[in-house]
Amino acid sequence: MNEQITGAVFKQMVLHGAAAITAHKQAINDLNVFPVPDGDTGTNMSMTIGAAVTELRKASPATLDQAASVTASALLRGARGNSGVILSLLFRGLSKGLKGCESADAATFAAAMQEGVSAAYKAVMKPAEGTVLTVSRLAAKAAVDAAAEESDVEKVLEAAICQGNEALAQTIDMNPVLKKAGVVDAGGKGYLLILEGMLAELRGEPMPETEADSEPQKEKADFVAMAAEEITFAFDTVFIVRKATADISLEPLRTYLNSIGDSLVIGEDDEAFKVHVHTNIPGSALNEAQKYGTLELAKIENMRTQADDLAAGKHVQSTDDLDAIEESLESGCEQSGHVVAEPEKPYGFLAVCAGDGLAAVFRDLGADGVVSGGQTMNPSTESLLEGVDKIPAETVFILPNNSNIIMAAQQCAALTEKRVVVIPSKTVPQGITAMMNVDFEAPDAETLEAAMTESLSTVSTAQITYAARNSDFDGFDIKAGDYLALMEGKLFGTDGNLDTLLENLAASAREKDASFISLYFGEDVSEEDAQKAAAVFEQACPEAEVAVLSGGQPVYYYIISME
């Protein structure tokens, strides 16, 4: 029986909840109502709460207020996708409800859950029923009702989960899209998994094993387990380099280091990167790395000497200091956080896209920064915030270019001193069109925002990809591997023959009197095939100007029809 939740207990509850959804994230992903990999709700929610896990493991919260505050702050910055943002809002409201609390009884915790629901509903412009909002609202109400009669927090959470599962089952009938697909809401299911993990912690149940738990990554060699003669590369080399430029590619460095060693791990953010490698020529590794920036910290250990000393039962002098050195290096990475650039101009622009080709298009049109992301790879709020703060402008316009990134972009406004304006572009072609309509001499941000937003309606976007699994959706019998055509995010057609879909899309462009058509092809599509696709549109729309460009991202064609 638990009548009070302390900061230490809440920390463990969140860790357990995170482990629960991480262990089942693929099952949540499989609840996607569309056979295109679109959003990855389980992955987004798992990565979002994973940000809180990282921060909580560093902290020893003395009060429940502190534990909830650390959790909410980390979730906000780590939020990915709409589901991740809503999850962060639920915990932000929970934190608000627990403000000033050293601990909380059942009634206080239940009321805080309702505060979380209120925060989520207020932030969503058009709340839809049959979603995680519905599930969380009914779960919180059940918790409040149970707390009126029950002092055991376990039983209150159990009541919330029970009601939440009933609500989840009803989401199929509440949401037309879910009903067509015959699945429950993925976000609602993910939220309940987190609550179930939190309840399991209160009950003393073991955490579920995750992939990270079962296969831990090791950056340090097991010196006791190997003989010196078995060590191919002698020097365990770790160093940090401050990047010369934020967007510099480390792939050539990765290739070089792999050629002179093994056990290579490279971690990076926009400001710096950290390398771990085993090599016989650490000096060469350091010299090569300095071509990418300024060397800041380095650690080199001779593993052969350490192995000999250990085998002989001797004390290894540097081993006692190894943890402290590693912590210092990690601290150096953490302290390399982004800085806020002083404004040098009135307007700046940040775009989200995947692929070097699309990034180059946005930069050519005047974008100051590009954040990598899109389908199945939603950037976190923190990633977007770093991009915003690097731009030396008073007002920064964000082009999310994906409906599942818009909410995360909107969260940036409360986290920076700069003014942030989110242009609600749902596709890359819409974002490109918005940039083409930028007046860099606009008298004020409101005028520029109106022009960019209005331009979104002038472009139609179609995408071609392939089905990830067998499905029957909206009257279409879809087989794994079939080509799928989407128009404005909705299923346009499916066929085993790509040419058939291209011809149908070209006919649609002709009906719309498209005057300009651009095809952006992914890295899995050859330029020859892309040119053949363009020829289909040229034949169907002889009056239109057709352009073909490499987008650089996998799988997708983007087709723009300017009306």
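This dialogue walks through cysteines, cavities and two residues in a predicted model.

User: How many disulfides does the count give here?

Analyst: Start with the general idea. A disulfide is a covalent bond that links the sulfur atoms of two cysteines. In this model the count is zero disulfides.

User: Are Cys-353 and Cys-412 buried or exposed?

Analyst: Cys-353 is buried, because its relative accessibility is 2% and the cut-off for buried is under 20%. Cys-412 is buried too, at 0% relative accessibility.

User: Next, empty space. How many cavities of 30 Å³ or more does a search of the whole structure find?

Analyst: The general idea is simple. A probe the size of a water molecule is rolled over the atoms, and this shows where empty space remains. Here the search of the whole structure gives two cavities of 30 Å³ or more. The largest cavity holds about 80 Å³ of space.

User: Which elements give two or more residues to the lining of that largest cavity?

Analyst: Three helices do: α5 (81–97), α6 (106–123) and α10 (186–202). The lining residues are Leu-90, Phe-91, Leu-94, Phe-109, Met-113, Gly-116, Tyr-191, Leu-195 and Met-198.

User: What is the lining of the largest cavity like by class?

Analyst: Eight of the lining residues are nonpolar and one is polar. None is charged. The polar one is Gly-116, because Gly counts as polar in this scheme.

User: Now a single residue. Where is Thr-494, and is Thr-494 buried or exposed?

Analyst: Thr-494 sits in strand β15 (residues 490–495). Thr-494 is buried, because its relative accessible area is 17% and buried means under 20%.

User: Which backbone oxygen does the side chain of Thr-494 reach?

Analyst: That of Tyr-483, at 3.1 Å. Tyr-483 is also among the contacts of Thr-494 once neighbours within four places in sequence are set aside. The others in that set are Phe-476, Asp-477, Ile-478, Asp-482, Leu-484 and Leu-501.

User: Let us turn to Arg-242. Which strand holds Arg-242, and what does its relative accessibility make it?

Analyst: Arg-242 lies in strand β3 (residues 235–243). Arg-242 is partly exposed, because its relative accessibility is 29%, and partly exposed falls between the 20% and 50% cut-offs.

User: Which side chain does the side chain of Arg-242 join in a polar contact?

Analyst: The side chain of Glu-296, in a polar contact of 2.9 Å.

User: How far apart are Arg-242 and Leu-297 in sequence and in space?

Analyst: In sequence, Arg-242 and Leu-297 are 55 residues apart. In space, C-alpha to C-alpha, Arg-242 and Leu-297 are 9.5 Å apart.

Technical notes
Residues are numbered from 1 along each chain as its sequence is written. This is a predicted model: local features need pLDDT of at least 70, side-chain atom pairs count only at pLDDT 80 or more; totals for chains, interfaces and linings use all residues. Side-chain values use heavy atoms; hydrogens and water are left out. A disulfide is a pair of cysteine sulfur atoms within 2.5 Å. Buried means under 20% relative accessible area, exposed over 50%, partly exposed in between (1.4 Å probe, protein chains only). On a 1 Å grid over the protein atoms alone, a cavity is a set of points where a 1.4 Å probe fits but cannot get out, and a pocket is an open set with protein on both sides within 12 Å along at least five of seven lines; lining residues have an atom within 4 Å of a point. Grid points are joined across faces, edges and corners, and a volume is the space filled by probe spheres set on the points. Helices (H or I, at least four residues) and strands (E, at least two) are DSSP runs, numbered from the N terminus. A polar contact is a pair of N or O atoms within 3.5 Å; within protein, one must be able to donate a hydrogen and the other to accept it, and residues adjacent in sequence count only if both atoms are side-chain atoms. Contact means heavy atoms within 4.5 Å.
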